[in-house]
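Me: I would like to learn how to read a structural model feature by feature, beginning with a pocket. Could you take me through this one?

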Amino acid sequence: MGLRKPEGPSFFDLFTTQATKLVTGAEILAALLGASPEERVALRDQLHDVEHEGDEINHLVVRKLNQSFVTPFDREDLGFLAARLDDCMDLMDEAGDLIVLYGIHDLPEEINSLLAAQVDVLTRCAVQTAESMPKLKSPLDLRDYWIEINRLENEGDRAYRITLTTLFDSGLDPVTIIKVKDVIEVLERCSDRFEDLANGIETIAVKES
C-alpha cells in the first residue's frame with residue numbers, strides 16, 4: 001500500500017490565515033493614513049507585500065478546491081469565501097496605493113479624522129473576521145459574528161456619507177476632492193465586502209442547519 005499524500009492545510013486553516021492577513025493589512029493602512037508623505041511609501045510597499053501573501057493563500061484555496069474530492073461545505077461557498085477575503089485585502093491595498101499615488105496630504109483635520117474612522121471600521125471588521133474564521137467548522141455558532149459585521153457595515157455607511165458631505169463642503173480644490181472621493185469610495189467598497197463575507201457565512205450556516 002502506497003504512502004498517503006499529505007493533505008496540507010485545511011480550508012479552515014487557510015481561511016484563518018487569510019483573515020489574519022486582513023488584520024495586518026488594516027493596521028498598516030491605518031498607520032499609512034497617519035504617516036508623513038515620506039513614510040507612506042514604505043508602508044504602501046508593506047501593504048503590497050501583505051496583499052501578495054493573501055493572493056498566494058487564495059491560490060492555495062483554489063488549488064485545494066480543484067484537487068479535493070470531498071469538501072467540508074459546497075465548493076461554490078468555499079470559493080465565495082476565499083474570493084471575498086481576497087477582495088477585502090485587495091481593496092485595502094488599493095486605498096493605500098491611491099493615497100500614495102495621488103499624493104493626498106495636508107487635508108483638513110476633520111477629513112483626516114473621518115477617513116481614520118472609516119479605516120477603523122475596517123480594522124474592527126478584520127479583527128472580528130480573524131477571530132471567527134477558526135470557528136468556521138461550526139458556522140451556526142457564528143451568529144454573533146455576522147450580526148456584528150452587519151452592524152459595523154452600517155456604521156461604515158454612516159461614516160462614508162458624513163465623510164463625503166464634509167469633503168464636498170470643505171472648500172478644497174476640485175482635483176483634491178476627486179482624489180479623496182476615490183479613496184473614500186474604495187474604503188466603503190471594502191466594508192461592503194466584509195458584509196458580503198459575513199452574509200456568505202450566514203448562508204452556509206442556514207444550509208448546515
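Reply: Let us begin with the lining of the second largest pocket, to which helix 4 gives the largest share, 3 residues. Please keep in mind throughout that this is a predicted model. As for the general idea, rolling a probe the size of a water molecule over the atoms shows where empty space is left. In this case the second largest pocket has a volume of about 170 Å³, and the elements that each give two or more residues to its lining are helix 2 (37-67), helix 4 and helix 6 (174-208).

Me: How many residues line the second largest pocket, and which of them lie nearest its centre?

Reply: The lining is made of 16 residues, and those nearest the centre are Leu33, Arg40, Ile104, His105 and Asn112. Sorted by character, the lining residues of this pocket comprise 10 nonpolar, 4 polar and 2 charged.

Me: What is the overall make-up of the protein in helices and strands?

Reply: There are 6 helices and 0 strands, so that the order from the N terminus reads α-α-α-α-α-α. The radius of gyration is 19 Å, close to the 17 Å that the globule rule gives for 209 residues, and the protein is therefore as compact as a globular protein of that length. Along the principal axes, the C-alpha trace spans about 75 × 35 × 20 Å. Buried residues account for 47% of the 209 residues, and, among contacts with a separation of 6 or more, 83% join residues 24 or more positions apart.

Me: Staying with helix 4, is Gln118 buried or exposed, and which residues does Gln118 touch?

Reply: Gln118, which is found in helix 4, counts as buried because its relative accessibility is 4%, and the cut-off for buried is under 20%. Leaving aside residues up to four places away in sequence, Gln118 touches Ala159, Tyr160, Thr163, Ile184, Leu187 and Glu188.

Me: And where does Glu131 lie, and why is Glu131 classed as it is for accessibility?

Reply: Glu131 also has its place in helix 4, which covers residues 109-132. Its relative accessibility is 48%, so Glu131 counts as partly exposed. Sequence distance and spatial distance can be set side by side here, since Glu131 and Ala19 are 112 residues apart in sequence and 8.4 Å apart in space, C-alpha to C-alpha.

Me: How should I read the cysteines, and how many disulfides does the structure hold?

Reply: In general, a disulfide is a covalent bond between the sulfur atoms of two cysteines. The structure holds 0 disulfides. Cys88 is in none, and the nearest cysteine sulfur to that of Cys88 belongs to Cys190, 5.0 Å away. For Cys125, the closest cysteine sulfur is again in Cys190, at 7.9 Å, which is too far for a bond. Cys88 counts as buried because its relative accessibility is 0%, and Cys125, also at 0% relative accessibility, counts as buried as well.

Me: Finally, which feature of the backbone angle phi should I look at in Asp106, and where is Asp106 placed?

Reply: Asp106 has a positive phi of about 55 degrees, although Asp106 is not a glycine. Asp106 has its place in the loop between helix 3 (75-101) and helix 4. Its relative accessibility is 71%, so Asp106 counts as exposed, whereas Gln118 in helix 4 counts as buried.

Terms used
Residues are numbered from 1 along each chain as its sequence is written. This is a predicted model: local features need pLDDT of at least 70, side-chain atom pairs count only at pLDDT 80 or more; totals for chains, interfaces and linings use all residues. Side-chain values use heavy atoms; hydrogens and water are left out. Helices (H or I, at least four residues) and strands (E, at least two) are DSSP runs, numbered from the N terminus. Buried means under 20% relative accessible area, exposed over 50%, partly exposed in between (1.4 Å probe, protein chains only). On a 1 Å grid over the protein atoms alone, a cavity is a set of points where a 1.4 Å probe fits but cannot get out, and a pocket is an open set with protein on both sides within 12 Å along at least five of seven lines; lining residues have an atom within 4 Å of a point. Grid points are joined across faces, edges and corners, and a volume is the space filled by probe spheres set on the points. Ala, Val, Leu, Ile, Met, Phe, Trp, Tyr, Cys and Pro count as nonpolar, Asp, Glu, Lys and Arg as charged, and the others, Gly among them, as polar. A disulfide is a pair of cysteine sulfur atoms within 2.5 Å. The radius of gyration is taken over C-alpha atoms; the globule rule is 2.2 Å times the number of residues to the power 0.38. Contact means heavy atoms within 4.5 Å.
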